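Biologist: Could you take a close look at one part of this model for me, namely the charged side chains that pair with one another, and then set that part in its surroundings?

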Amino acid sequence: MKKYQHSIRFKKFSDRKSKRNEKRRSRFKGYLIRKNIERVEDQKRNPKSKRVTKNRYSNLEFSYTNVTAPTVFSFKKNPEEVIIFISKLKELFDKQKRAFVSLRYVEEVDYDAIVVLLSILIRFKSKKIKFNGDFPINRDANSRLARSGFFTSLLEEFYKDSDKYKVVENTIWTHAEKKVDAPLGGKLIEQASEVIWNDKKRCPGLQRVLLEAMLNTNNHAEIGKEGEKHWWLSMNTDKKNKKTYFSFVDYGVGVFTSLNNKPADNKFFGWFEKLINKKPFNNNAELLELILDGELHASVTGKSYRGKGLPGIKEAFDRNQISNLFIITNNVYANIAKKEYRLLENKFSGTFLCWELDEQNQNF
Amino acid sequence: MDKKIISVANDFSKTPGPRYIKEGDFSGELFRSKILEPEYLNAVKENKKLEVNLDGTVGYATSFLEEAFGGLARIYSAEKVLAILTIISTEEEYYKDEVTQYINEANEES
């Protein structure tokens, strides 16, 4: 070895050079990931080709099934297409097939879509089913997804199959669990209130909404079993507009399927005959309105209703404890603020809720 | 008549949870068995009123309140429980109505 190679100057030069190379390699790796390009053949196996690259679509064409996300990726604005998107992925999940989610043409991502995407991704990866995807070309959509931790989660090889998951990145918190987590609600409310009121506040109405939603999943998401399904909750804070957005989803059977499968010893068994005579309704959209107003419970039990489950969530909205409540379950879409209850063409197997907390909502 | 006082926030948890212990932490079942029922029995024994203050928590699920107070009435009867118990809730006044209803309807399926 030449003498100058032992010199301190050379060692420093060599260190700097290797750091530069390392950075370059890392940047290049990031570029490949962003552009959905991967090296097809290893350089050692093909020394003639220094950078053989191939589009990931064509490379993975036969092993992944491509599912394209809706251009307007928002459950509350575009429920039909989002339900189709979820159904396609659910089918792949049930068949344990690899999924490639194409987000390339997404132009608008709502906060409520983030919980859907993250939950699907983690469900796949926790069952060790390969899940991959690309990124929106639209800058705003890309940036919102990046802030959710979706891209970071995409790079995870697998998630451990667990009762609890947590993805926290920047201003977006996403949690999943099977049990009811009251301390988590308290923590999220504290963080939300600091964004909205610049102070730690309590919002009992919001906490009730969170608890009733979690309990609903825990008790009713699976027919005949409790605590089987995860609920997924995402909270997004918006400091500029002093608002916090909450999105909640479970992939259970949904409200109407659950209601139609009550066992003989349940108080809701035979609910249809009891309700239809007192409060006639024509379809599930009208039925959801009756459920939220407590009419189902009142008709079945013959007693006035106080706060449990979905009606409890609606009561919190009526008391101005939350704002802009939306509910999607099975074939019904409800925008509670506009009193809009309508049937959907496509059926969502599960229950989705989203709402907001803003400066005008009740707090202590 | 003297009274005993329980504060859910100070004596149990600021984040009361679901109905049953199996459903999650700080359940109504746990609150009833560890705090409410022993204090209720002490109050009966000492011929005192029992005041339960619901203020200061993050919020309640209906099933927590039903299991705690309705559950107590299922064991000792609604009349006896209502004679001893006073509910304080200044922050969310509707909790008082809810709890009273749960006690009165305790024998019905929740």
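Modeller: E51(B) is buried, its relative accessible area being 16%, and this places the residue below the 20% under which a residue is called buried. The model in which this is seen is a predicted one, and chain B has an average pLDDT of 93, with 95% of the residues scoring at least 70. For the model as a whole, the scores are ipTM 0.92 and pTM 0.82.

The partner of E51(B) is K3(B), and the two form a salt bridge in which the closest N and O atoms are 2.9 Å apart. This pair links distant parts of the chain, since E51(B) belongs to strand 2 (residues 49-53) of chain B and K3(B) to strand 1 (residues 3-7) of chain B, 48 residues apart. K3(B) counts as partly exposed, at 48% relative accessibility, whereas E51(B) is buried.

A second pair in chain B can be set beside this one. The side chains of R32(B) and E67(B) meet in a salt bridge, with a distance of 2.8 Å from N to O. R32(B) sits in helix 2 (residues 28-45) of chain B and E67(B) in helix 3 (residues 62-76) of chain B, so this salt bridge ties together parts that are 35 residues apart in sequence. Here both residues, R32(B) and E67(B), are buried. The pair also belongs to a network of salt bridges, in which R19(B), R32(B), E66(B), E67(B) and R74(B) are linked.

Turning to chain A, E190(A) and K200(A) form a salt bridge whose closest N and O atoms are 3.7 Å apart, a distance that falls within the 4 Å used as the cut-off. E190(A) lies in helix 7 (residues 182-197) of chain A, while K200(A) lies in the loop between helix 7 and helix 8 (204-220) of chain A, so the pair ties together parts that are 10 residues apart in sequence. As for their surroundings, E190(A) is partly exposed at 35% relative accessibility, and K200(A) is exposed, with a relative accessible area of 52%. Over all chains, the count of salt bridges comes to 25.

Some charged residues of chain A belong to a surface patch instead. R9(A), K12(A), R16(A), K17(A), K19(A), R20(A), K23(A), R24(A) and R27(A) form a positive surface patch, and the residues of such a patch have no salt bridge. One of them, K17(A), is found in helix 1 (residues 8-34) of chain A and counts as partly exposed, at 43% relative accessibility.

Two features of the backbone complete the surroundings. Most residues other than glycine have a negative phi. F26(B), which is not a glycine, nevertheless has a positive phi of about 55 degrees; this residue lies in the loop between helix 1 (8-11) and helix 2 of chain B, and at 30% relative accessibility F26(B) counts as partly exposed. Helix 2 of chain B is also the helix that holds R32(B). In chain A, N324(A) is likewise not a glycine and has a positive phi of about 45 degrees. N324(A) is found in strand 12 (residues 323-335) of chain A and is partly exposed, with a relative accessible area of 30%.

Definitions and conventions. Residues are numbered from 1 along each chain as its sequence is written. Chains are lettered from A and ligands numbered from 1 in the order in which they are written. This is a predicted model: local features need pLDDT of at least 70, side-chain atom pairs count only at pLDDT 80 or more; totals for chains, interfaces and linings use all residues. Side-chain values use heavy atoms; hydrogens and water are left out. pLDDT is the predictor's confidence in each residue, from 0 to 100. Helices (H or I, at least four residues) and strands (E, at least two) are DSSP runs, numbered from the N terminus. Buried means under 20% relative accessible area, exposed over 50%, partly exposed in between (1.4 Å probe, protein chains only). Patches are made of residues with over 30% relative accessible area and no salt bridge: like charges are joined within 9 Å, nonpolar side chains (Val, Leu, Ile, Met, Phe, Trp, Tyr) within 5 Å. Accessible areas come from the Shrake-Rupley method with a 1.4 Å probe; for residues, only the protein chains shown count as cover. Lys and Arg count as positive and Asp and Glu as negative; His and the chain ends are not counted. The place of a charge is taken as NZ of Lys, CZ of Arg, CG of Asp or CD of Glu.
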